[in-house]
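Work through the exercises below with the sequence and the model side by side, and try each task before reading its solution.

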Amino acid sequence: MKDFSEPLRIDLVPVTETVFAGRGVGAAFSEDYMPVIFSTLRDGTGCVYIGMRCGPKVA
């Protein structure tokens, strides 16, 4: 998605150590909270799930 839009800057509310609630940002997010989940793939790559999408963790 990096070539399609600017990076998202979202205030996250912690739910667990890896699960957060992110408040809606523009049309890509609902107006309510969306799940933001930080995880690691089997090959060790860090990733983040936002709603139903998964992308590489870059920060």
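Two residues are in contact when heavy atoms of theirs lie within 4.5 Å. With this cut-off, among contacts in the protein chain between residues at least 6 apart in sequence, 4% join residues at least 24 apart. Please keep in mind that the model is predicted.

**Exercise 1. The chain as a whole**

State how many helices and strands the protein chain has, and in what order its elements run.

Solution. Begin with the count: the protein chain has zero helices and five strands. Reading from the N terminus on, we then find the order β-β-β-β-β. As a further step, consider the surface, where the accessible area of the protein chain comes to about 5,000 Å², with 57% of it belonging to carbon and sulfur atoms. Finally, of the 59 residues of the protein chain, 17% count as buried.

**Exercise 2. Following the strand pairings**

Find out how β1, β2, β3 and β4 are paired, and name one pair of bridge partners for each pairing.

Solution. Step one takes β1 and β2, which pair in the antiparallel sense over three bridges, and in which L12 has G22 of β2 as its bridge partner. These two strands form a hairpin, with four residues between them.

Step two moves on to β2 and β3, which are antiparallel as well and are paired over five bridges. Here the bridge partner of R23 is Y33 in β3, while V19, whose place is in strand β2, stands opposite I37 in β3.

Step three turns to strand β3 (residues 33–40) and strand β4 (residues 46–50), which run antiparallel and are joined by five bridges. T40 has G46 in β4 as its bridge partner, and V36 stands opposite I50 in β4. The hairpin of β3 and β4 has five residues between the strands, and in this hairpin G44 takes a positive phi near 95°.

**Exercise 3. An aromatic pair**

Which kind of aromatic pair do the rings of F20 and F38 form, and why?

Solution. A pair of aromatic rings is described by the distance of the centres and the angle of the planes. The structure holds one aromatic pair. The centres of the rings of F20 and F38 are 5.7 Å apart and their planes stand at 85°, so the pair is edge-to-face. The cut-off needed for this step is that planes over 60 degrees apart count as edge-to-face. The pair links distant parts of the chain, since F20 lies in strand β2 (residues 19–23) and F38 in strand β3, 18 residues apart.

Now ask how far each of the two residues is covered. F20 has a relative accessible area of 17% and is therefore buried, because buried means under 20%. F38, with a relative accessible area of 26%, is partly exposed.

**Exercise 4. Three residues, V13, V19 and I37**

Decide whether V13, V19 and I37 are buried, partly exposed or exposed, and describe what surrounds them.

Solution. Recall that partly exposed covers the range between the buried limit of 20% and the exposed limit of 50%.

Take V13 to begin with, a residue of strand β1 (residues 12–14). Its relative accessible area is 40%, so V13 is partly exposed. If neighbours within four places in sequence are left aside, V13 is in contact with V19, F20, A21 and Y33. V36 is not on that list of contacts, and the C-alpha atoms of V13 and V36, 23 residues apart along the chain, are separated by 9.5 Å.

Next comes V19, which at 25% relative accessibility also counts as partly exposed. Apart from neighbours within four places in sequence, V19 is in contact with V13, P14, V36 and I37. For V19 and I37, which are 18 residues apart in sequence, the distance in space is 4.6 Å from C-alpha to C-alpha.

The last residue is I37, which lies in strand β3 and, at 32% relative accessibility, counts as partly exposed. Together with L41 and Y49, I37 makes a nonpolar surface patch of about 220 Å². I37 can belong to such a patch because its 32% is over the 30% relative accessible area that patch residues need.

How values were computed: Residues are numbered from 1 along each chain as its sequence is written. This is a predicted model: local features need pLDDT of at least 70, side-chain atom pairs count only at pLDDT 80 or more; totals for chains, interfaces and linings use all residues. Side-chain values use heavy atoms; hydrogens and water are left out. Two strands pair if DSSP finds at least two bridges between them. Patches are made of residues with over 30% relative accessible area and no salt bridge: like charges are joined within 9 Å, nonpolar side chains (Val, Leu, Ile, Met, Phe, Trp, Tyr) within 5 Å. Accessible areas come from the Shrake-Rupley method with a 1.4 Å probe; for residues, only the protein chains shown count as cover. A salt bridge is a side-chain nitrogen of Lys or Arg within 4 Å of a carboxyl oxygen of Asp or Glu. Buried means under 20% relative accessible area, exposed over 50%, partly exposed in between (1.4 Å probe, protein chains only). Rings of Phe, Tyr and Trp (its six-membered ring) pair if their centres lie within 6.5 Å; planes under 30 degrees apart count as stacked, over 60 as edge-to-face and the rest as tilted.
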